[in-house]
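Colleague: I'm new to reading protein models and would love a guided tour. Could we go through one together, feature by feature?

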Amino acid sequence: MSMVTGRNAPLSQVNDANAELSTGLVRFKHILLALILSVVFFLIFCFIALHAYIAWVLSNPTVAPLYSNPKLAKEMDYESVTFYSIDGKRNMNGWYIPAEDSEKTIVLSHGYGANREETWVPMYDIAHYAHSMNYNVLMFDYGFASQTSREVATGGKEEKRQLLGAIEHVKHRGAKQIVVWGFSMGAGTALQAGLETKDVDAMILDSTFLLEPDTLYHNIHNQIDLPRHPSLEILELLFPVLNGTSLDQIPYNEVKKQDYPFPILFIHGTKDDKAPYPIAEKIAANQTHEDSDSWIVKDAHHELIFREHPKEYLRRVSTFLGKLEGREGLQAQ
């Protein structure tokens with residue numbers, strides 16, 4: 001019995017060996033391709049999941065509970081008040097600080113991630129100053145800061161309606177002059193509300209944050225180095241799912257072009273790492289009201305301008321409010 005090997009092997013055996021090798025190679029390529037695709041899909045899933053987490057965190061900011069009240073903080077008598085957002089969908093909670101025989105009211109519009117106290121401003125000092133100028137003061141919580149029925153943050157879409165409800169509330173309480181004093185996203189929300197109301201006589205806007213693609217990416221990039229594209233596109237797809245709001249529903253382009261019929265004082269720092277100051281400069285440049293003004297503070301930070309320059313801050317605000325008094329007097333004559 002003989003064995004045939006090597007070059008003497010029958011052609012059929014060689015072909016079988018080649019076929020088996022070819023089949024094994026194909027199987028290996030399929031496995032390798034499956035592994036590569038699995039890794040790619042896993043990375044894509046992780047990338048999208050990261051953006052979903054970012055969108056969820058932005059929509060659900062952590063807000064500290066209230067720790068004080070106007071009486072304890074600044075010896076100001078106050079009333080706990082409730083009122084509805086302008087569309088009647090949301091019950092709002094706040095404090096109303098009355099001034100003696102005054103028909104002037106300042107509505108304080110707090111920023112993102114804060115409640116009506118906004119300790120880093122600090123809001124109680126602002127309220128005390130306004131009250132000392134004989135203004136009634138309304139401090140209230142936006143829906144995302146509620147202690148009882150918290151809602152998602154929407155970049156101003158729903159908050160605008162809540163602010164309009166606050167304006168309507170003080171109007172029903174007899175306010176003849178209404179000033180909205182906003183901070184960060186509360187200032188951007190005020191500008192959105194200003195497009196829809198004729199009841200506002202003036203605004204003071206500190207560190208104005210307007211949610212738009214540029215500021216959204218700017219804030220994300222400050223925390224994590226993600227590519228602008230496709231990150232913005234993914235987030236724009238996720239926001240409507242997570243908080244019911246798309247960026248298209250926020251009228252940032254209209255705000256940036258609007259010449260408001262009432263005077264606005266813009267206050268902004270050049271070292272603002274959340275809301276780049278050129279945006280505030282651009283909006284301020286559009287204003288033609290003779291009493292509108294802007295104060296761009298060198299090296300000042302986001303919402304910390306009052307802390308960093310308290311005397312100059314209050315001097316400029318006093319001058320601005322004084323112009324309202326003068327105009328009111330002229331109208332009375």
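Colleague: Let's start with one residue. Where is the place of Ser-184?

Modeller: Ser-184 sits in the loop between β5 and α5. Bear in mind that this is a predicted model.

Colleague: Is Ser-184 buried or exposed?

Modeller: The idea is to look at relative accessible area, and under 20% counts as buried. Ser-184 has 6%, so it is buried. Leaving out residues up to four places away in sequence, Ser-184 touches Gly-111, Asp-206, Ser-207, Thr-208, Phe-209, His-302 and Glu-303.

Colleague: And Lys-89, buried or exposed?

Modeller: Over 50% counts as exposed. Lys-89 has a relative accessible area of 72%, so Lys-89 is exposed. You'll find Lys-89 in the loop between β1 and β2. If you want a feel for distance, take Lys-89 and His-289: they are 200 residues apart along the chain, and their C-alpha atoms are separated by 34 Å.

Colleague: Okay, on to the sheet. What is the order of its strands?

Modeller: Read across the sheet rather than along the chain. The order is β1-β2-β4-β3-β5-β6-β7-β8, an open sheet of eight strands with mixed pairing. The edges are β1 and β8 (293–297): each has a single partner strand, so one side of each has no neighbour in the sheet. On average, neighbouring strands are turned by 20° against each other, direction ignored.

Colleague: In what sense do β1 and β2 pair?

Modeller: Antiparallel, over six bridges. These two strands form a hairpin with six residues between them, and Gly-88 in the turn has a positive phi of about 75°. To check a pairing yourself, pick one bridge: Phe-83 has Met-92 in β2 as its partner. On the next pair along, β2 and β4 are also antiparallel, over four bridges, with Tyr-96 opposite Leu-138 in β4. As for cover, five of the seven residues of β2 are buried, so β2 is largely enclosed by the rest of the structure.

Colleague: Which strands run parallel to β7?

Modeller: Strand β6 (residues 202–206) runs parallel to β7, joined by four bridges. Strand β8 does too, and there five bridges do the joining. Two bridges to look up: Leu-205 partners Phe-266 in β7, and His-268 partners Ile-296 in β8. Elsewhere in the sheet, β3 and β5 pair in the parallel sense over six bridges, and Lys-104 stands opposite Gln-177 in β5.

Colleague: How many residues of β7 are buried?

Modeller: Six of its six. Here's the general idea: in a regular strand the side chains alternate between the two faces of the sheet. Now look at β7: Ile-264, Phe-266 and His-268 are buried on one side, and Leu-265, Ile-267 and Gly-269 are buried on the other. Both faces of β7 are covered.

Colleague: Which helices should I look for against the sheet?

Modeller: Try α3 (residues 123–132), which lies across β2, β3, β4 and β5 and runs at about 160° to β4. Helix α9 (residues 277–285) also packs on the sheet, touching β7 (264–269) and β8, and its direction makes about 160° with that of β7.

Colleague: How far apart are the end C-alpha atoms of α4?

Modeller: They are 24 Å apart. The trick is to count 1.5 Å a residue: the 16 residues of α4 (residues 157–172) should span 22 Å, which agrees. Many α4 residues can be checked for burial, and the buried ones include Leu-163, Leu-164, Ile-167 and Val-170. A handy rule is that an α-helix has 3.6 residues a turn, so residues three or four places apart point the same way. Among the elements covering the buried residues of α4 are β3 (104–109), β5 (177–183) and α5 (185–194). Just after α4, Gly-174 takes a positive phi of about 100°.

Colleague: Last one: what pLDDT does the chain average?

Modeller: The average is 92, and 91% of the residues score at least 70. Over residues 1–6 the pLDDT is below 50, and that stretch has two contacts beyond near neighbours in sequence. Residues 329–333 are also below 50, with zero such contacts in the model.

Conventions:
Residues numbered from 1 in each chain as written. Predicted model: local features only at pLDDT ≥ 70, side-chain atom pairs only at ≥ 80, totals over all residues. Heavy atoms only, no water. Expected span 1.5 Å × (residues − 1). Buried < 20%, exposed > 50% of the residue type's maximum accessible area, 1.4 Å probe, protein only. Contact = heavy atoms within 4.5 Å. Pairing = 2+ DSSP bridges. Axes fitted to C-alpha atoms, helices over the stretch in contact; angles between N-to-C directions. pLDDT = per-residue confidence, 0-100.
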